[in-house]
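Here's a protein to look at together, piece by piece. Open up the structure, turn it around a bit, and follow along.

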Amino acid sequence: MPIDVRLIKEAFAKHPKLDVKYTYGTAGFRTKANVLDSVIFTVGLLAVLRSQKHDGKYIGAMITASHNPAEDNGVKLVEPRGEMLAQSWEGYATELANAATAEELARILEDVVAKEGIDTSKNANVIVGRDTRPSGEALVVALTDGVKALGGNIEDYGLMTTPQLHYLNRCLNTRGQPDAYGEPSEEGYYKKLSDAFTRIVIGKSNQSILYIDGANGIGAPTLQKLAKYIPKESLSLEVVNDNVGDPKKLNLQAGADYVKVGQKKPEGFDLKPGMRCASLDGDADRIVFWYADKSGTFKLLDGDKIATLAAEFIMRLVRSAEIPDIRVGVVQTAYANGASTAYVKNTLNIPVTFTPTGVKHLHHAAEEFDVGVYFEANGHGTVLFSDKAIKAFHSAKIPTPGMDLALKGAPEKKAIETLRALTDLINQTVGDALSDMLMVEAILVSENQSFEEWDKAYTDLPSRLEKVKVSNRHDFVAIKADTELSKPDGLQAKISQQVAKFKHGRSFVRPSGTEDVVRIYAEADTQENADLLANIICGLVYDYHGGVGERPAAFRKVNAEGNLV
Ligand code: G16
């Protein structure tokens, strides 16, 4: 069935393209909400074709700008099994978003149909969810217009976290099948998580209150709902920064990104030694934990710490359950602290794979393992279990009374039960702050571990993460899993020259895919040196490669020979 150009024209007239260049980046389209209407409309069109390509399976669209400020918004597309949109389709998304006329739009759509061999007479099904940003409602209308212009069906699920949308999508597509993922409803999500968590911690003493910074976003009310399904004696939660009524507050001096980048507590907390705390981001797909040590110093337990905790725990369970032949691996990015990588490789003896930034990359690398633990240092990640691992956990024989239980059987039984519960507890579709929070808590309860004890596994190398605004961030091209730059010419050599001057020095520069900035990461033997290295590299980028806005006083200047001036 050919594309009805008349319908496309009519719909396009309602969502005209602005004079802006759009790119499907690290996590979909993300920019100021007031220039997104036409983009979201075209994403609706693409979602229909993607669904038809998958024989009418549901495609998810999440309207969110996650950790970005309140005035931003964005959209990510979700595949039938809950993963991020196939990367081979990101180019189509970018092309469609930049089509200047209805005719051009129709031509690109026809090209995609031809190239992908899509049968446009098939049904198409799309679901949409959104975070608490006020701009979200109108953007859902734009998406709906796009879906309808190509004759697709759309179901609006309203406010939800990003991982809930991923969960729902997989549930809808696997309903009634042997691999059914769960009940496709909000309640089904809460029940699945709370039930699995309770199975692990039952009979164990719970820990002190966990204070959660909800970033004044959708994670806060969602967590409050989830908490109702968990018995108080298993977990006491207190949600802070839950003001979703005031849109300006979203991610403002709060949330996982604020805490991780600034290495400091968010607003709204009177942090005292012994308090256990965590921060979500604006759409609740990231989480970092933090506390104050005995002297009151702020301490961060980031994605690297979560990954090592999970990998070590699961590996121990697999051994204890005596399940053979299960390959556990960890996937990290260049942002992973060097000390965490060394700990995983040398102490845990677990292989580590590196990918470029973006969970879409880590997710696929993690699928190469039977248990693939992937976390970005910023707290975005999950643990994937292969079909082989899930089958092995479920076919392992649980020792029963009379079967030599007394000594060996009890821990083995608990290990098998815990592994099984973990496959339900941990969101298999995408990083999920709420599922990750319960996973960490289940591990700490099982191991009777405090945050301080968890933190002792290894000591982070001091690091600093900065951003620099430049005239065109697309001038920066990262290679080798983001560890080096191939462009602008000559910059990488200058970075390497500076890094070589620092003990345990490491630094890289990459363009952000979610903000209009270039990110700079630096690591060194002391905090002072990490800060100095970061400020030198920031200076290099700002001074020689198009820095815009006022030059921050902290940036250092080097001369042509690479010496500080
Ligand atoms: C998104 C991605 C993450 C990525 C982060 C920052 O997170 O899903 O994988 O680490 O952006 O990306 P960049 O450095 O390219 O801006 P979120 O939580 O904002 O969706």
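In this predicted model, helix α8 passes helix α15 in a right-handed crossing. Who actually touches whom there? On the α8 side the contact is made by T222, L223 and L226, and on the α15 side by L434, M437 and L438. Sort those residues by class and you get 5 nonpolar, 1 polar and no charged ones. To find the pair in your viewer, look for residues 219-227, which form α8, and residues 433-447, which form α15. The two helices pack at an angle of about 50°, and their axes are 11 Å apart. That angle is why α8 is called oblique to α15.

Now try a second pair, α2 and α3. Helix α2 covers residues 37-53 and helix α3 covers residues 90-97. They pack at about 135°, with 9 Å between their axes. This angle makes α2 oblique to α3. Which way do they cross, left-handed or right-handed? The crossing of α2 and α3 is right-handed. At the meeting point, V39, T42 and L46 come from α2, while Y92, A93, L96 and A97 come from α3. By class, that contact has 6 nonpolar residues, 1 polar residue and no charged ones.

Let's zoom out to the whole chain. The protein has 18 helices and 19 strands. Its radius of gyration is 24 Å, close to the 24 Å that the globule rule gives for 565 residues, so the protein is as compact as a globular protein of that length. Along its principal axes, the C-alpha trace spans about 75 × 65 × 45 Å. How many of the residues are tucked away? Of the 565 residues, 58% count as buried. And if you take the contacts with a separation of 6 or more, 69% of them are between residues 24 or more positions apart.

Next, a few single residues. Here is where four of them sit and how much of each is accessible.

| Residue | Where it lies | Relative accessibility |
|---|---|---|
| K191 | helix α7 (residues 186-201) | 38%, partly exposed |
| A284 | loop between β8 (276-280) and β9 (287-292) | 0%, buried |
| D325 | loop between α10 (303-320) and β11 (328-332) | 61%, exposed |
| A457 | loop between α16 (451-455) and β15 (463-468) | 32%, partly exposed |

Two of these have a backbone quirk. A284 has a phi near 60°, a positive value in a residue other than glycine. D325 also has a positive phi, near 65°, and is not a glycine either. As for accessibility, A284 is buried at 0%, whereas D325 is exposed at 61%.

K191 is a good one for thinking about sequence versus space. K191 and Y229 are 38 residues apart in sequence, yet their C-alpha atoms are 6.8 Å apart. Which residues does K191 touch, leaving aside its neighbours within four places in sequence? They are E183 and Y229. For another pair, take A457 and D531: they are 74 residues apart in sequence and 24 Å apart in space, C-alpha to C-alpha.

One last stop is a proline. P488 lies in the loop between β17 (484-487) and α17 (491-499). The peptide bond leading into P488 from K487 is cis, with omega near 0°.

Methods:
Residues are numbered from 1 along each chain as its sequence is written. This is a predicted model: local features need pLDDT of at least 70, side-chain atom pairs count only at pLDDT 80 or more; totals for chains, interfaces and linings use all residues. Side-chain values use heavy atoms; hydrogens and water are left out. Axes are lines fitted to C-alpha atoms, for helices over the stretch in contact, and angles run from 0 to 180 degrees between N-to-C directions. Helices (H or I, at least four residues) and strands (E, at least two) are DSSP runs, numbered from the N terminus. Angles under 35 degrees count as roughly parallel, over 145 as roughly antiparallel, 65 to 115 as roughly perpendicular and the rest as oblique. A crossing is left-handed if the near helix is turned anticlockwise from the far one by less than a right angle, and right-handed if clockwise. Contact means heavy atoms within 4.5 Å. Ala, Val, Leu, Ile, Met, Phe, Trp, Tyr, Cys and Pro count as nonpolar, Asp, Glu, Lys and Arg as charged, and the others, Gly among them, as polar. The radius of gyration is taken over C-alpha atoms; the globule rule is 2.2 Å times the number of residues to the power 0.38. Buried means under 20% relative accessible area, exposed over 50%, partly exposed in between (1.4 Å probe, protein chains only).
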